[in-house]
Amino acid sequence: MGVTVETHASLAEAARAVEAGATLIAGGTIVMRRVNAGDQRLSRTVRVADPAFARISGGGGTISIGAGATMAAIAAHRDLDFLAPVARQLGGPALRNMATIGGNLFARAPYGDMAVALLALGARVTGTSGARPVEDLLRARDRAGLVFAIEVPRPRPGEFAWAKITRVHPYGSPVLTIAVHAPREGGRLRGVRVAFGGMGPGPVRATGAERALEGQPLDAATIARAAQAAAEGLEPVDDAVASAWYRREVAGVHLRRVLEGMS
Ligand SMILES: Cc1cc2nc3c(=O)[nH]c(=O)nc-3n(C[C@H](O)[C@H](O)[C@H](O)COP(=O)(O)OP(=O)(O)OC[C@H]3O[C@@H](n4cnc5c(N)ncnc54)[C@H](O)[C@@H]3O)c2cc1C
């Protein structure tokens, strides 16, 4: 069976096609593998030519990033300095010119580096399923519809950190990805969010570590307690990159290093 490729000039048209069962090809770095492997479920595919799909706008408190924005565009955008390090460490240069932020939300573990950052930042998505936290989309990716854009709150300087732990540098698959958003009020952490990649079937929050951090000063004792609780309740991925046992063992070590860098 052949594969049809439709190019739609507007997001609304593309959304209708996706609602009718077509598969979106964004950057294509994941989905084209399936096409090339002859996956029969991909008989109808859709591309979006609407410039709004890749638009990055709003430089104040919240920045709207079109789901079709590539990692290269994010890395180069003056208002996205806090996400640039994430975008720059995703794959190699050719991949970053194709791979989109929207597609990253659908990447299977251990990929999803940008999605881990968005989860920690408390970003929201807009799309055919309305507006909702990125966390809700990550819980039910099979019923996501078409994502139009991601609304990302800009963190205050020094309150966001991200790290990718790989065995092969610089472009290896991640053993773990860690993102921490640690707002502080009066010297204490308020509204802390810690997210991991590689510690679950997709990006997940480390609620044990968050509990250890919330309301505390970011000092050595708090960091030690958060590191101890890092893997609490999580089910790490077991794959060719690292065993689940190994990921569980090192999650706290790497979280501690990230937190020390923020203290
Ligand atoms: C060699 C190689 C290295 C890689 N390295 C990394 C890495 O270091 N880190 C990492 O995180 N990932 C990595 N990836 C995975 C992938 O490239 C990225 O996750 C990328 O961001 C996926 O985006 P895409 O636009 O290419 O997705 P696509 O392949 O276009 O789409 C993937 C899936 O998401 C769906 N989709 C895409 N956009 C939307 C949308 N807006 N709304 C609804 N559904 C949508 C598609 O329909 C498809 O099912 C790598 C891949 C390869 C091949």
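## Strands 9 and 10

In this predicted model, strand 9 and strand 10 run antiparallel and are joined by seven bridges. One facing pair can be picked out here: T166 stands opposite P174 in strand 10.

Strand 9 is well covered. Seven of its seven residues are buried, so the strand is largely enclosed by the rest of the structure. The cover comes on both faces. F160, W162, K164 and T166 are buried on one side. A161, A163 and I165 are buried on the other. In a regular strand, side chains alternate between the two faces of the sheet.

## The four-stranded sheet

Strands 9 and 10 belong to an open sheet of four strands, in the order 9-10-13-14, with antiparallel pairing. Strand 9 (160-166) and strand 14 (204-205) are the edge strands, each pairing on one side only.

Further into the order, strand 10 (residues 174-181) meets strand 13 (residues 193-197). Five bridges join these two antiparallel strands. Within the pairing, A179 sits opposite A195 of strand 13.

## Parallel pairing around strand 3

Strand 3 takes part in parallel pairing. Strand 1 runs parallel to strand 3, and five bridges join the two. V5 stands opposite T45 of strand 3.

Strand 2 also runs parallel to strand 3, here with two bridges. In this pairing L24 faces V46 of strand 3. In general, strands of a sheet pair through backbone hydrogen bonds, either parallel or antiparallel.

## Helix 1

Helix 1 spans residues 11-19, and its buried residues are L11, A14, A15, A17 and V18. Viewed down the helix axis, these fall within an arc of 160°, so they line one face of helix 1. R16 and E19 are exposed on the other side.

What does the buried set of helix 1 pack against? The partners are four strands: strand 1 (4-8), strand 2 (23-24), strand 3 (44-48) and strand 8 (147-153). Just after helix 1 comes G21, with a positive phi of about 110°.

## The ligand site

There are 30 residues around the ligand. L24, G27, T29, T100 and K164 come nearest. Two of these have appeared above: L24 stands opposite V46 in strand 3, and K164 is one of the buried residues of strand 9.

Polar atoms of the protein approach oxygen atoms of the ligand. A backbone N or O atom of A26 lies 2.8 Å from a ligand oxygen. A polar backbone atom of V31 is also 2.8 Å from an oxygen atom of the ligand. N104 uses its side chain: a polar atom there lies 2.9 Å from a ligand oxygen. On its own, the ligand has 980 Å² of accessible area, and the protein covers 88% of that.

## Helix 7 and the loop before it

The loop between helix 6 (101-104) and helix 7 contains P110. The peptide bond from A109 to P110 is cis, with omega near 10°.

Helix 7 (residues 113-121) is mostly covered, with nine of its nine residues buried. The buried residues are D113, M114, A115, V116, A117, L118, L119, A120 and L121. G122 follows helix 7 and has a positive phi, near 70°.

## Helix 10 and T222

The buried residues of helix 10 are T222, I223, A226 and A227. Seen down the axis, they fall within an arc of 135°, so they line one face of helix 10. A220 and Q228 are exposed on the other side. The buried residues pack against helix 9 (207-213) and helix 11 (244-262).

T222 lies in helix 10 (residues 220-228). Why does T222 count as buried? Its relative accessibility is 1%, and buried means under 20%.

Which side chain does the side chain of T222 meet in a polar contact? The partner is the side chain of D219, at 2.8 Å. Neighbours within four places in sequence aside, T222 is in contact with A212, L213, Q216 and P217.

Conventions. Residues numbered from 1 in each chain as written. Predicted model: local features only at pLDDT ≥ 70, side-chain atom pairs only at ≥ 80, totals over all residues. Heavy atoms only, no water. Buried < 20%, exposed > 50% of the residue type's maximum accessible area, 1.4 Å probe, protein only. Arc of directions from axis to C-beta. Contact = heavy atoms within 4.5 Å. Polar contact = N/O pair within 3.5 Å; in protein donor to acceptor, adjacent residues only side chain to side chain. Near = heavy atom within 4 Å. Areas by Shrake-Rupley, 256 points an atom, 1.4 Å probe, with all protein chains shown as cover. Pairing = 2+ DSSP bridges.
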